Every structure is written in C-alpha cells, then in structure tokens.
Protein chains: 2
Amino acid sequence: MKKILKAILPGGFKANGISCGLKKSGKPDLALIYSQFPALASAKFTTNSILAAPLIVCKEHLKLAKRFQAVLVNSGNANCFTGKSGIKDAKISASYLAQELKIAKNSVLVNSTGIIGKRLDVAKIKQGLRKLVLGLSSSGIHKAKMAIMTTDTFAKEISLSLKIKGKPVQICGIAKGAGMIAPNMATMLCFIMTDAAITQGALDKSLGAAVDKSFNCISVDGCMSTNDTVLVLANAAAGNKVISNGADLRNFSQGLESLCLDLAKMVVADAEGATKFIQIDVIQAKHIQEAKKVALSIANSVLFKTAVFGQNPNFGRVAAAVGASGFKIKAEQLKIKLGSLKGKQVKLTVSLSRGKAKCTVYTSDLTPEYIKINAQYN
Amino acid sequence: MKKILKAILPGGFKANGISCGLKKSGKPDLALIYSQFPALASAKFTTNSILAAPLIVCKEHLKLAKRFQAVLVNSGNANCFTGKSGIKDAKISASYLAQELKIAKNSVLVNSTGIIGKRLDVAKIKQGLRKLVLGLSSSGIHKAKMAIMTTDTFAKEISLSLKIKGKPVQICGIAKGAGMIAPNMATMLCFIMTDAAITQGALDKSLGAAVDKSFNCISVDGCMSTNDTVLVLANAAAGNKVISNGADLRNFSQGLESLCLDLAKMVVADAEGATKFIQIDVIQAKHIQEAKKVALSIANSVLFKTAVFGQNPNFGRVAAAVGASGFKIKAEQLKIKLGSLKGKQVKLTVSLSRGKAKCTVYTSDLTPEYIKINAQYN
C-alpha cells in the first residue's frame, strides 16, 4: 500500500470547484465529482433523526438507481431544517446537473454543508452549473476540495494505491469538517473515489468497517450533525478482477480503513479553535463497545478537554468521565496514564483492567477560541 | 406554603462552618450540620460508577444505622479517586467527629467537594473539629453554607414552612455547585433539614420525586460528578402527626420539590462563567422520558450553549440536538420557539407534536470564561 497526502483522482474520475455565490465571502462553494463510467456507490449517513434534505434525496437515489456518475456538493448552506422546500431544492439541483451532464437525474447524488435552517439559493447553483461542468478535469479535485470547506483551515486529502492480484487500484479521498464533530459522525463530508472493480456487497461491508474505526471514533464537540456523509464511488476503471471476498477484500478494506482514519485524524487536527490533538486509548475493556463508549465519554467531557487546553493534568476529570459512561467500572480497576500536555500531541491511556478489548478515539481540546468561532457563526 | 430566600434552621438543628486549612485561600472549608434529636435520613447520590470515598462511607452508614445526628462536609478536596486510603480518611473523620459530639460514629454522615484525586488532609480536619462543634448554633447555618462552597459566587439557601394538619413544619436547604453540573446530578451538594415527623418510606419517596424534577433537570456542562449528593434529615421536632401518605405526603412533597427546584435553579444561575440562564421546555412529547432526554440533549449541546452566549438565534443547532437525542423525531414534527437572547433569561420551547408529555430543564450558556475557570483549576 502506497499513500500520499494529496488527492489524485483514480482513472475515469474528474472534478471541479467554483464560487457560485452561496458564500458571502466569495470563496468556492460548489463542487462536482464526476465519473465517466457509471460507478457503484456506498454511503454512511448521520444517525441524527433530523436529516438534512440532500441526505433524504441521496437515500432515495441510492434506492432508485444502481450506478452513479456525479456528486454535487455545496458549502455555505446545509439545506437542513428547510422542510419540503429543502427537499425540492435538493432534487431540482440534481435535475439541473443531470441535464447539464446529460445523465439520469437519479445517478446524481447531492450534498450540502454550512448553516442550518436557511433555504438554499438554487438559482445561484443553477447559474454556476455550466461553468462547473465545463471546467471538469482530473486535477479539478483540488478545486473541489476547497469548495466543500466551511470553517476548515486546511483541505483534507489523501490518495493510496494498492494491488489486487497484481493490478494497481487507486483510492482517493477528500473531506471537510472542523466543528459539530461527534461520532456517528461529524459535520463531516467525505468523498472517496476508487477505480476498483468491486461488488456492491463488498463495497458496503468495506465502507461500514472503515467508518466504524475512523469517523465514528472522532469527536470534537460531541455535537452530532444533520449532514454527515461518507460516500464512496467505485467505477471499476482499474480493470482488476472484481473484489468480492477473501484476501482481495481484506486488502481493499485495509486500504479504505487506513485512508478513512487518516482523513478522520485530519478533521480532528483542524478542530475549531483547538490547540491539541488528543489520542485516547482505552485498553483492557470487557468488549469493544465498552472501550469505545468509555473513550468517547472522555473525549466528550468538556471538563477533560478544558483541562488539556490548560495543560492541567487532571486525572480526576478522566476518572469522572469513565464513571459517567454507564458501565460499572470501579475506581480500583482504573489505571490512567496521561502523557505530557506541553506539546500539540497528547496521549491518554486508560486501562479498565477487566478484559482484552480496546479502542482508540481522537479528539481535540476545548478552547475559548472554539466558543468565539461558534458564538459568531451566522 | 411560605418561602424565603434565606436559610433558617428548623427546630432541633444547629450548624457551623470554619476554616480548617484545606483551602489554600484560607476561606471556610469545613461545615457541620447537627440535629439534637436523632433524625431520619434519605439521600440521592451520583450515578457515576466512580464514587467518591465519603459517598461510599455514607451509603454504608445509611445501611448500618436508622437515625443520624451529624453531617460533616469539607470543601477544597473531593476525596475521590483516592483508593482505600480515601475511604479510611472519610471514616476516620466521621469517627473523630462522633467522639467530639459523643454520638455513635454510624450516625455521622460525611461529604466532600473540591479537587479529585488528592488525598484528604485528615489532620487538618481533626484539628478543626473542636472549634466546629463548640461554635454550633441555629444561626451557624450561614457559616455552614459558606464552608461548602468551591467556585460558587454566592451561597444557595432557601427555607419554607407549610402546615401538616394545622401544625407548622419547616424545611430548609443549602446547596453548592457551579460546574461539573449534569443530570444525575451535578458537583452538587445539597443538605436539607426539616423538623417534620415523617416515615422513612414517605421521606424516600418524597426526596426521589423532588430530585427527579429539580436536580436531575439541570445541566451546566454535561459532566457528571463523582460526589453529587442530596441529603435530607428529618428530626420530627415539629411534633406533627407523622406524615406517611395521602394529602399530608402530597403537601410535604410539594414543598420539598419546590425547595429543591429553587436550589437547582440557583446552581444554574451560578454556573461557572455563565452569562445566561436558559429554560428549555420540551412539550408535546410521547412520554416524559422522551421530553427529558430531548431537553437535556439540547441543554448539553456545546453548540447550542455557545450560540446563546453569542446571542445567535441558531434554530439549526436546536434541531440538530433534538435529532441527536436518539428518538425518531422528524423535522416536520418540530416546532422551535426561541425567546429573545438579549437579556439574562432565555426561554426555549420545543414542541415535538407527538404527544402530551412535557419536561422543563434549566441550563446556562457556555463561555470563554467557563474555559478559563476550568483550564486553570488546580
């Protein structure tokens, strides 16, 4: 497996990003990812019951169609809590793009990120579509990665190549997210493109496992978003023997998981206002659910995160967060090892002394800057 | 029912508070509440599985004895995550006080609040006990209320009188708590003294109901403490007909609930760094558990609290918090009414349009000041 920290689109994919005027700042706010070959898609969405309109439309299209060619993403507006109009707006945007690309509208997937509760300005999107499509290119992914950003301070991108029975297969991912980051998942959008040939079942399984160990193991502020999406498109352009199970699937899944974990860590590293990147290892738990819940209870403890910001090695707050996780963990079972708080990287290991399961979760500190950013957002 | 915002000890109770040197600042840090008549006791403790040592000792004494005469409380040290030594320290403190008061050691209850993970300096407590006991008086509750404070900026106190079959009965409560405040319960200590004659069963039932609707309905930072305690002592000095059920119990319970709710609101009003007092009414829920969980999901949303601090009427963050509560509530069922954010009092009403149950929860905004206070704590 070879990785580089830069987005390189696999064969058959093109992308672009432009400013269509949704962001007052004039920054890029409309992205398009396009596959010249109809691609399989698999997606994981937020478990928040208040689902943003584009996610409702995506779910519908994923049921109606089997292959997809385009993903249209806008930033600056989440198109969430916008009622039936919001759903109409998402559908119309998909239709306009389908016309422009001369493809079926169900083969377009849509996504949005930004402010919640304000209607999407579809006219601006419509006006931008021609330019967006005309500018499609394989290097356009670098424009796309900028156009999906909101409060992000840097673009998150990664590419890797692996071999399936000797044939090179590429996977590339871009992501955005810097706040409202919680497990299941985050205001977090991630788009993954691969030229691998793979069955739908194998792709679903592989993505599920990868997301569980990456995006579902990060937390910035414990706030679950309404728009979270991890979407993978697989267009088979690599011409490899179709991946379905066994060593090939393990190989591909390992790659996908590694790529997702790297992107998830980048999201945490870019957490709004954060000064620290915190790795929490919970070990010797009864089962993985216990390890994960305990780790997330610590990761979401406002007091722990504040203590790390203050470089204040407060073991008590870790213990209190463990005890609040809902498991009957006794104080005498608890071993807490907190590394130095001076640097940017902080490592916390919590042993529960009751089993062999473990889980690693990533989070950031909570700072006055985070509050300033989020108090002034709109 | 007559209420005043001042602690007035009911008949048969005395109290005192002194500085014994646990707090470096020299502020009062040791409190004693004493009943000359052995009193029934009922208590609600944190559900955090990491239990502070004094709570372990309290639970033991509550099992071993039926009547109690003294509550010893120190601030400046939580005596939590202190292992077997911590339990020994709590027991020895109780024993020393029992000797000083010439009462059975099991009739002493102990409590602590302050920093977690540091051993309690029992020698300092021992040295202070004589002075603490000698100074007991009915007005000493005003010294006690100061000695239980940590980061509190004001003392929380209230008294009320009601009539049981024509006989006046008094209830008085003092509380502390300003951070690490979450449901079930808060770093929150509350001591309630009543001269009512009441059965153990009625007292337990009454306290359980009162705490559910007061201290379990507040949240400052979503962090569940290891030391939370609400303790009521009932010494029967009022000479009323023993309360056991029916109208008398309803009458007493109403008083106790009202007193607890007032104290709980004071805790929220004193939330660390807060600039706003937020009331969240969730109405038209399927059942009360749903209403409460949704209300607390909003109250614990870092993004919602930050928005209120910024006087930023962000409905989307409310919707996202509702959706994250775990219930399948759809956007179209949700009606959000957010009052003005300009003043100190903010009122949010969320209707779920799916039933008749409701719940009110109180919280505060999250501010850069909160982070400063908690980053620098020890």
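Here are some short exercises, with worked solutions, on a predicted model with chains A and B.

**Exercise 1. Find how the two copies are related, and which residue of chain A comes closest to the rotation axis.**

Step 1. Begin with the superposition: a turn of 180° and a shift of 0.0 Å along the axis lay chain A on chain B with an RMSD of 0.0 Å.

Step 2. The two copies are therefore related as by a two-fold rotation axis.

Step 3. Now look along chain A for the residue that comes closest to that axis: Pro368(A), whose C-alpha is at 2.2 Å.

**Exercise 2. Describe the contact between the chains: how many residues does each chain give, and which elements of chain A take part?**

Step 1. Chain A brings 48 residues to the contact and chain B brings 49 residues.

Step 2. On the side of chain A that touches chain B, the elements giving two or more residues are helix H8 (302-309), helix H9 (315-323) and helix H10 (368-375). H9(A) gives the most, with six residues.

Step 3. Sorted by class, that side of chain A holds 25 nonpolar, 18 polar and five charged residues.

Step 4. Finally, compare the two sides: 100% of the interface residues of chain A are also interface residues in chain B, so the copies meet through the same surface.

**Exercise 3. Check the span of helix H3 of chain B, then locate its kink and its buried residues.**

Step 1. H3(B) runs over residues 122-134, which makes 13 residues; at 1.5 Å a residue it should span 18 Å. Its end C-alpha atoms are 19 Å apart, which agrees.

Step 2. The helix has a kink of about 40°, and the centre of that kink is Gly128(B).

Step 3. Gly128(B) is also buried, as are Ile125(B), Leu129(B) and Leu132(B) in this helix.

Step 4. Among the elements that cover these buried residues are strand E2 (13-18), strand E3 (30-45), strand E4 (68-77) and helix H2 (83-101) of chain B.

**Exercise 4. Which residues have the most contacts inside the largest nonpolar core?**

Step 1. This core has 266 residues, and those with the most contacts inside it are Ile33(A) and Ile33(B).

Step 2. Take Ile33(A) and set aside its neighbours within four places in sequence: its contacts are then Phe13(A), Ala15(A), Ala70(A), Val71(A), Ala144(A), Phe191(A) and Met193(A).

**Exercise 5. Classify Lys305(A) and Lys6(A) as buried, partly exposed or exposed.**

Step 1. Lys305(A) sits in helix H8 of chain A. It counts as buried because it has 32 C-beta neighbours inside 10 Å.

Step 2. Lys6(A) belongs to the loop between strand E1 (2-4) and strand E2 (13-18) of chain A. With 13 other C-beta atoms within 10 Å, Lys6(A) is partly exposed.

Step 3. Leaving aside neighbours within four places in sequence, Lys305(A) is in contact with Thr363(A), Asp365(A) and Leu366(A), while Lys6(A) is in contact with Glu157(A) and Ser159(A).

Step 4. From C-alpha to C-alpha, Lys305(A) and Lys6(A) are 30 Å apart in space and 299 residues apart in sequence.

**Exercise 6. Look at the phi angles of Ala236(A) and Lys102(B), and say where each residue lies.**

Step 1. Recall that most residues other than glycine have a negative phi.

Step 2. Ala236(A), not a glycine, has a positive phi of about 65°. Its place is the loop between strand E10 (229-234) and helix H6 (246-269) of chain A, and it is buried, with 21 other C-beta atoms within 10 Å.

Step 3. Lys102(B) also has a positive phi, near 55°. This residue is in the loop between H2 and strand E5 (108-115) of chain B; with 7 other C-beta atoms within 10 Å, Lys102(B) is exposed.

Key: Residues are numbered from 1 along each chain as its sequence is written. Chains are lettered from A and ligands numbered from 1 in the order in which they are written. This is a predicted model: local features need pLDDT of at least 70, side-chain atom pairs count only at pLDDT 80 or more; totals for chains, interfaces and linings use all residues. Two residues are in contact if their C-beta atoms, placed from the backbone, lie within 7 Å. Helices (H or I, at least four residues) and strands (E, at least two) are DSSP runs, numbered from the N terminus. Ala, Val, Leu, Ile, Met, Phe, Trp, Tyr, Cys and Pro count as nonpolar, Asp, Glu, Lys and Arg as charged, and the others, Gly among them, as polar. The expected span of a helix is 1.5 Å times one less than its number of residues. The bend at a residue is the angle between axes fitted to the seven residues ending there and the seven starting there. A residue is buried if 20 or more other C-beta atoms lie within 10 Å of its own, exposed if 12 or fewer, and partly exposed in between; C-beta atoms are placed from the backbone. A nonpolar core is a set of buried Ala, Val, Leu, Ile, Met, Phe, Trp, Tyr and Cys residues joined through C-beta atoms within 7 Å. Copies are superposed by least squares on the C-alpha atoms of residues with pLDDT of at least 70 in both.
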